[in-house]
Amino acid sequence: MSRILELEGVSKRFGGLTAVNEVSLSVEEGQIYSLIGPNGAGKTTLFNLISAVLAPTSGRIVFDGRDITRLPTHALARLGIARTFQNLAVFKHETVVNNLLVGLHTHLGADPISAAFFWGRARREELKARERVEEIIDFLEIEDLRDHVVGTLSYGQQKRVELGRALAIGPRLLLLDEMVSGMNQEEREDIARFILDLKEELGMTVFMVEHDMGIVMDISDHVCVVNHGRKIADGTPAEVAADPAVIEAYLGTKQAA
Ligand SMILES: Nc1ncnc2c1ncn2[C@@H]1O[C@H](COP(=O)(O)OP(=O)(O)OP(=O)(O)O)[C@@H](O)[C@H]1O
C-alpha cells in the first residue's frame, strides 16, 4: 500500500490560540481513516486544512506525492479529493438527479461558451456525466428518489444525496465531515455500509471526522486521536481504545467514548 495523504508538522493558529499543533499523520491508499477527539480538540480545523478551506500557519500537506498545502479548494477536486460538509450542502429546490449533475459539472468545468463552440465534445461529456450519475444513483440505492426535489426528502436521504455529489467527481480520496450526525440508527448503518463498499468495491480512500464511536470502531482501519490540537495516539481501533492517553482525554473532559 502507498501513502496517499501525508501531513507533516501541520499547525493552525487563530490569534493566540493554537487549534492544531504540529500534527503529522499518514493515510494509506484504500484505508478508512478516522479522526476523533473530544469537543474543541481541533478535528474540524484539521479537516478544513486538508480540504483547503483553511491554510495552515505552518507545516506541509502532501497528496499522492504532491504538495497541496497552498492549493485552492477547487484545485483539490481536480486532483481527486472530494468532501462533504457538516451542514448539508445540497440544492434543496433541485431534484436528486440535478444535484448530482451539478456536482459533476463543477468537476468537469464545462462553461457555456466552450460548450457552444465544441458542442460535440460537450454533448459527449454530458452523456458521460449522465452515465456516471446513474452509477451513483444505483450505488447509493436512491433510484426511487431520483426525480424528487431534495428539500422534500428526509435528512438521512439528503445526506445520501450529498454523499452522491461528492462521489460525482470520482474521487480517490473522500473526506467525510461527521457524516452520520443527526441520523437515526438505520440511516447510520446504511451510511456505514456505503463507506465500506466505497473502500471494498471501488478501492477509495476515506478520511473521516466522526463522533459516532460505534461506526469509528466498526469500520475504520486506522484511527487518529487529537486533543487540545495535538495528536495523542494513532493505530488500529483496538489499539487506540486501549491507549491510556485516549481514555484520559475522553474521561478527563467528561465525554462519552
Ligand atoms: N475560526 C476560528 N477562530 C478562532 N478560533 C477557532 C476558529 N475555529 C476553531 N477555533 C477554535 O479552535 C479550537 C478547535 O476547534 P475545532 O472546531 O477544530 O474542534 P473540534 O475538535 O472540531 O470540535 P467539535 O468536536 O466540537 O466540533 C477550539 O478552541 C475552537 O474554539
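The following exchange examines how several descriptions of this predicted model are justified.

User: What makes helix H6 largely enclosed by the rest of the structure?

Analyst: A residue counts as buried if 20 or more other C-beta atoms lie within 10 Å of its own. In H6, 10 of the 13 residues are buried, so the helix is largely enclosed by the rest of the structure. Among them are Gln 158, Val 161, Leu 163 and Leu 167.

User: How do you know that the span of H6 agrees with its number of residues?

Analyst: The expected span is 1.5 Å times one less than the number of residues. Helix H6 covers residues 155–167, and its 13 residues should therefore span 18 Å; the end C-alpha atoms are 18 Å apart, which agrees.

User: Why are Phe 14, Lys 43 and Thr 44 said to be around the ligand?

Analyst: The criterion is a C-beta atom, placed from the backbone, within 6 Å of the molecule. Phe 14, Lys 43 and Thr 44 are listed among the residues around the ligand, which also include Leu 17 and Asn 39. Strand E2 (17–28) and helix H1 (43–50) each supply at least two residues of this shell. The largest share, 3 residues, comes from H1. By type, the shell divides into 4 nonpolar, 6 polar and 1 charged.

User: What is in contact between domain 1 and domain 2?

Analyst: Contact requires C-beta atoms, placed from the backbone, within 7 Å. On that basis, 8 residues of domain 1 are in contact with 9 residues of domain 2. The side of domain 1 that touches domain 2 has 5 nonpolar residues, 2 polar and 1 charged. The centres of the two domains, taken over C-alpha atoms, are separated by 27 Å.

How values were computed
Residues are numbered from 1 along each chain as its sequence is written. This is a predicted model: local features need pLDDT of at least 70, side-chain atom pairs count only at pLDDT 80 or more; totals for chains, interfaces and linings use all residues. Helices (H or I, at least four residues) and strands (E, at least two) are DSSP runs, numbered from the N terminus. Ala, Val, Leu, Ile, Met, Phe, Trp, Tyr, Cys and Pro count as nonpolar, Asp, Glu, Lys and Arg as charged, and the others, Gly among them, as polar. Domain bounds come from an automatic or database domain assignment. Two residues are in contact if their C-beta atoms, placed from the backbone, lie within 7 Å. A residue is buried if 20 or more other C-beta atoms lie within 10 Å of its own, exposed if 12 or fewer, and partly exposed in between; C-beta atoms are placed from the backbone.
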